[in-house]
Structures are given as C-alpha cells and as structure tokens.
Amino acid sequence: MFSYAIAFLLALTATALLIPPIRRWAEARSLFDEPGGRKVHAQPVPRLGGIAIATGFYLGVTLTALIPLGSVPVTSRSDIPAILVGGAILVAVGVADDLVGLSPVVKLLAQLLAAVAASAMGLALHALAFPWGTVQLGILSLPLTVFWIVAMVNAINLIDGLDGLAGGVVLIALIAFFVIAPNDASATLIVGAAAGATLGFLVYNLHPASIIMGDAGSMLLGFLTAAVAIAISSPGSGFLPIYVPIVVLALPLGDMVWAVLRRLIGGRSVFVADAGHVHHRLLSGGLNQREVVVLLHLVAAIFAAVGIVLGRFS
C-alpha cells in the first residue's frame, strides 16, 4: 500500500506539471492531431501528452523503487525491469509516430519487439489458473504472452477516440487490479505509478481536451495494463484465473475484436482505421461526446466490478 501511494503521488504530480510546457512546445511546432475523418474533435489538438504520461510513470516507479518495503526492496522484483524496458520501447516508437508518423507495420513490429523483450526478461505467462486446475504453458508461454501484450496495446490504442475515454478506461481497470491483488508489491507499484500518470493526464484530456496522449501514451498504457494483468495471473502472485483480467478489460478487448472482425468481413485491411468503433456508433446514435464517455466509463466500471467479484472469490 505504501509503495502504491508514493508512486501514485509522484507520477500524478510529475505528469500534471509537465503537461503545460509539453503542450506549449507542441503548439509552437504545430504538432497537432487534426480533425476530420474518424477524428471527432472540432479543433486541432496537441498530441504529445504521452511524453508526460511516460515521464510521470517512470519517475514514479524509479523513485519509489529506492524505498524498501519491509525487508524486501522493490528493486528485487524481477518483472519490474521487464516492464520498464518493454514500456520504453513502445514510448520511443510512439513518440516517433507522434512526431513524424510511422506505418502500422512498423508500429506492430515495435509492439512485438517490446513484448518479446519483456517476456525474455521475466514478464511472462508460464501457467494459467482455472477453477478446475492449472495448465502449464511450456513452449506456448512466449507466443501467448506476446499475443496478450500486443492485443492490449492495440485495444487501448483503438478505443482512444474521444476526450478522456481511453484514460478513464485504463484508470478503472488499474483500480480494479489494485483491489483484486492489493498484496502484490510488484503489481501495486506499477499500478500506482500508471494510475497517477493517467489521472494527471486526464485533468487536461477531459472534454474539451487541451492535449491528447497520442500513440506514445496509448501504447504505454496498453502495455502497462497487460503487464499488470500478467503479474496478478502468475504463480507467486495472486495467480488469478485468466478470465478475471479479461473480464475487467472486456470493453477495450471487445471493441478491438469487433474492429478486426468488421474489417476482415468487409474485405479491408485490419490496419486501416475506420469509424465503426463503439464510441463512433454511440455518437452517430445521437449522444454527444461527454455522454458517450460517461456511458462507456460506466460500462467499463461494471466489467471491473464483475472482475473484482470473480477475483475475490476465485
């Protein structure tokens, strides 16, 4: 609990303080997310909020890691370096995409690299718990870990379509994970820093947003959400059934699965963006941005509550 609070406050403060200068820097260089097409904002919005999220998160983790928890220092947790390295790869690629633009294939390759690197360093699903017993993954550990991480990175990226939507969905999921596994020092450290950075960003990202997270932010938050889900589903931690984090993250995962199926059925590339996501459909149904975001946050909270119940009684 102590590490969670310290990491949360450090990340929150750093992110909130960094947003204004980063926003001014982006505005001075015309680094805007332009309206039009599937973009629903009416005015150009600076798109480098992910830099502040990443900086706040890394400061929260690294500074808090210097504080020992009981007799075991946090820095001895093997999955934390894996999370930091994997996240750094995605932040670097996300910033490059936000600055100059990268092809979907390049970004996918970077996601695969980050997932493989994190898995090789210890962030991996080695076994899955089910009500009827445990399944050892063996040689399937690496591909399933990589698949899960890449899926979550893209799920958060795809649902990042309205002011405050993706950040709120991530924050709700992180709170649920903290409630489910409050005694996992490794997971709570990551949750604390990620939640603080996300909340510090949301202050500026709620409608009408003065800055958006861009790919640097959405890919990092997707990766961190996937990483915490792996941590609480692994032996030595909560070792929760794999369906618990899937239920908590059902909204972004469901939207991503539907997006892939929709594009394949329509004969389009899965890499080609469209305006068929759940938030687009609600907007076309007559709701405004704030109403859609509140509704989807409520849906995410319901899934999170169900996941908490499942996790507590598993």
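Colleague: Let's start in a loop: where does Ser233 lie?
Modeller: Keep in mind that this is a predicted model. Ser233 isn't in a helix or strand; you'll find Ser233 in the loop between α8 and α9.

Colleague: And is Ser233 buried or exposed?
Modeller: Buried means under 20% relative accessible area. Ser233 comes out at 1% relative accessibility, so Ser233 counts as buried.

Colleague: Which residues is Ser233 in contact with, leaving aside its neighbours within four places in sequence?
Modeller: Some of the partners have low numbers, namely Leu125 and Ala127. The others come later in the chain than Ser233. With those neighbours left aside, the full set is Leu125, Ala127, Phe239, Leu240, Ile242 and Pro245.

Colleague: Leu240 turned up there, so what is the relative accessible area of Leu240?
Modeller: Leu240 sits in the loop between α8 (214-232) and α9 (243-248). Leu240 is buried, which fits a relative accessible area of 7%.

Colleague: What separation do the C-alpha atoms of Leu240 and Pro131 have?
Modeller: Along the chain, Leu240 and Pro131 are 109 residues apart. Leaving aside neighbours within four places in sequence, Leu240 also has contacts with Ala129, Ile180, Ile232, Ser233 and Gly311. As for the C-alpha atoms of Leu240 and Pro131, their separation is 9.6 Å.

Colleague: Ala129 is on that contact list, so what is the bridge partner of Ala129 in β4?
Modeller: Strand β3 covers residues 127-130 and strand β4 covers residues 133-136, and the two pair in the antiparallel sense over four bridges. They form a hairpin, with two residues between the strands. Within that pairing, the β4 residue bridged to Ala129 is Thr134.

Colleague: Over to the helices: how far apart are the end C-alpha atoms of α6?
Modeller: Helix α6 runs over residues 165-180, and 14 of its 16 residues are buried, so the rest of the structure largely encloses α6. At 1.5 Å a residue, α6 should span 22 Å. That agrees with the distance between its end C-alpha atoms, which is 23 Å.

Colleague: Which helices do the buried residues of α12 pack against?
Modeller: Helix α12 (residues 289-312) has 24 residues and should span 34 Å at 1.5 Å a residue, and its end C-alpha atoms are indeed 34 Å apart. Its buried residues are Gln289, Val292, Val293, Leu296, His297, Ala300, Ala304, Gly307 and Gly311. Those residues pack against α6, α9, α10 (250-265) and α11 (278-284).

Colleague: How are α2 and α3 oriented: roughly parallel or roughly antiparallel to each other?
Modeller: Helix α2 (residues 49-64) and helix α3 (residues 79-100) pack at about 165°, with 11 Å between their axes. The crossing of α2 and α3 is left-handed. On the α2 side the contact is made by Ile51, Ala54, Phe57, Tyr58 and Val61, and on the α3 side by Ile80, Ile83, Leu84, Gly87, Ala88, Val91 and Val95. Angles over 145 degrees count as roughly antiparallel, so α2 and α3 are roughly antiparallel.

Colleague: What about α7 and α8, is their crossing left-handed or right-handed?
Modeller: The axes of helix α7 (residues 185-205) and α8 come within 10 Å and cross at roughly 155°, so α7 and α8 are roughly antiparallel. The contact involves Ala187, Ile190, Val191, Ala194 and Thr198 of α7 with Leu221, Leu224, Val228, Ala231 and Ile232 of α8. The crossing of α7 and α8 is left-handed.

Colleague: Which peptide bond is cis, with omega near -5°?
Modeller: Look in the loop between α7 and α8, where Pro208 is found. The cis bond leads into that proline: the one from His207 to Pro208.

Colleague: What is phi of Ser30 near?
Modeller: Ser30 is in the loop between α1 (2-28) and β1 (32-33). At 52% relative accessibility, Ser30 counts as exposed. Its phi is positive, in a residue other than glycine, and is near 55°.

Colleague: Last one: what is the separation of the C-alpha atoms of Ile156 and Leu249?
Modeller: Ile156 belongs to helix α5 (residues 141-159), and at 0% relative accessibility Ile156 counts as buried. Leaving aside neighbours within four places in sequence, its contacts are Ala166, Val170, Ser218, Gly222 and Pro252. Leu249 is 93 residues from Ile156 along the chain, and the separation of their C-alpha atoms is 9.7 Å.

Methods. Residues are numbered from 1 along each chain as its sequence is written. This is a predicted model: local features need pLDDT of at least 70, side-chain atom pairs count only at pLDDT 80 or more; totals for chains, interfaces and linings use all residues. Side-chain values use heavy atoms; hydrogens and water are left out. The expected span of a helix is 1.5 Å times one less than its number of residues. Buried means under 20% relative accessible area, exposed over 50%, partly exposed in between (1.4 Å probe, protein chains only). Two strands pair if DSSP finds at least two bridges between them. Axes are lines fitted to C-alpha atoms, for helices over the stretch in contact, and angles run from 0 to 180 degrees between N-to-C directions. Angles under 35 degrees count as roughly parallel, over 145 as roughly antiparallel, 65 to 115 as roughly perpendicular and the rest as oblique. A crossing is left-handed if the near helix is turned anticlockwise from the far one by less than a right angle, and right-handed if clockwise. Contact means heavy atoms within 4.5 Å.
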